[in-house]
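Here are my notes on the model, set out as numbered points. Please read them with the coordinates open.

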Amino acid sequence: MNKIRLWVAALAVVAAWQVAAAEYQLKVDTDRPAAVYELGESAGFVVEALCDGEASRIGELVFTIDNDRNNRNEWVYRRAPWEGDRVEFALSEPGFAFCRVAWLIDGAEVAAGETAAAFAPELIRQGRPEPADFDAFWAAGRKEAEAVRLAAGDDYARLTPAPELATATLDVWKVNFANVGDTRLWGFLSVPKEGEGPFPAVVVVPGASPASKGPGGHVLEGVITLFINVHDYDPDTGECPPDYPLIGAADRGINFFRRAWLGMDQAAEWLRSHPKFDGKNLGVCGFSQGGGSTLALAALNPNFVFAVANQPALCDFGAESRGGRSGWPFFINNFRDRPEVMAEVAYIDCANFAGRITCPIIVLAGFIDVACAPGSIYAAYNNIPAEGKSIVNQPNTNHTWGVDYNNARAEMVAALRSPEK
């Protein structure tokens, strides 16, 4: 009897070891490559479970579906792999159905995958109306920032050659600008080495991070590039404040992004006076925080003639009101019980800025983006009145700078350099 028990125990150990040693993979996708559906139309979430590269029929699949990852309304479906490898799901209101599938064996998760389906995304509207004095607030801010630029005179822009950052084709300068609140804004200016110009110019804003110490991959060939950090400290000597996006959240007048965007707007005006600028073709682009900043700048400054916003943050802070999820920095998570603060941050909601954009613009949306929910991006995009707008859907794409953004930037540069413009 003891020998039997030992054999059973040994077999259990071997089985457990085999489960642990096996390589499990779960492929999750929609039944339509574009992953876009009409309201009420069923989307199929399709799964392929692989163990050591072979189709497997053991364990259990748990499908968890919600709208825009808002974690407030969830639908859970359980399937044994042999009972079917898909779940049909539909939304009756515009939005994104996010699906996470977990593969469980003996109650333990051995693999997981995710995908999302869009339902009539062109009908998504922002969750809360814009402030009645939105335009007046920003018009006053622009006048304040312009006065700072003009009063500073030659000290407005301080340039220092940075040969250590130069490339074979671009000269680079460190630059900082006088700004509102007795602050300065820091960045880098890149100018083509070959030819006297004139050249188009592009303002580039980075994603959320401490201040960059160089323009890196943000520079663009064949144009003048002004890369601007959102921060007010010298990147070589200063430190990034913790939770900087929340600075001034309770007061629109000192909001962190008000200072940054007003300063960038005036820096763009300074850039237009550069002797090698062609006087007309000015673009703006950015990813994430930079994507939201792109929406703001393209709205504030009518001199931009092309914009690219890759997975823009800072959109649709009232998304929960429509059952969705807002983009980074997720003000609602910090101020859900403080409606007075949510009323203040509405002045930097880029869904509101979007309604003022008139230049051609390309917006990109990752359907499984954890930082900038695609529903929040569509809420902003659908507000844009510009005839020359387009959106690049990115099914099964998380928060990333990828080939789609590079292609969109190349399209912008080609348009800026086109002799037909």
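1. Start with the sheet; bear in mind that this is a predicted model. Five strands make an open sheet, ordered β2-β9-β8-β5-β6. The pairing is mixed.

2. Which strands stand at the edges? They are β2 (36-37) and β6 (74-79). Each has a single partner strand, so one side of each is left without a neighbour in the sheet.

3. Next, the pairing of β5 with β8. Strand β5 (residues 60-67) and strand β8 (residues 95-105) run antiparallel. Eight bridges join them. For a register check, valine 62 stands opposite alanine 102 in β8.

4. Helix α4 covers residues 289-300, 12 residues in total. From first C-alpha to last, α4 reaches 16 Å. That is close to the 16 Å expected at 1.5 Å a residue.

5. Is α4 mostly covered or mostly exposed? Mostly covered: 12 of its 12 residues are buried. Buried here means under 20% relative accessible area. Among the buried residues of α4 are Gln289, Gly290, Gly291 and Gly292 at the start of the list, and Ala298, Ala299 and Leu300 at its end. Ser293 and Thr294 are buried too.

6. On internal space, the count comes to one cavity of 30 Å³ or more. The largest cavity has a volume of about 30 Å³.

7. What lines the largest cavity? The residues are Asp68, Arg69, Phe96, Phe98, Arg325, Phe367, Asp369 and Pro374. By class, the lining has four nonpolar and four charged residues, with no polar ones. Phe96 and Phe98 belong to this lining, and strand β8 spans residues 95-105.

Note on methods
Residues numbered from 1 in each chain as written. Predicted model: local features only at pLDDT ≥ 70, side-chain atom pairs only at ≥ 80, totals over all residues. Heavy atoms only, no water. Helix = DSSP H or I, 4+ residues; strand = E, 2+ residues; numbered from the N terminus. Expected span 1.5 Å × (residues − 1). Buried < 20%, exposed > 50% of the residue type's maximum accessible area, 1.4 Å probe, protein only. Pairing = 2+ DSSP bridges. 1 Å grid on protein atoms, 1.4 Å probe; cavity = no way out; pocket = protein on both sides within 12 Å on 5 of 7 lines; lining within 4 Å. Points joined across faces, edges and corners; volume = space filled by probe spheres on them. Nonpolar A, V, L, I, M, F, W, Y, C, P; charged D, E, K, R; others polar.
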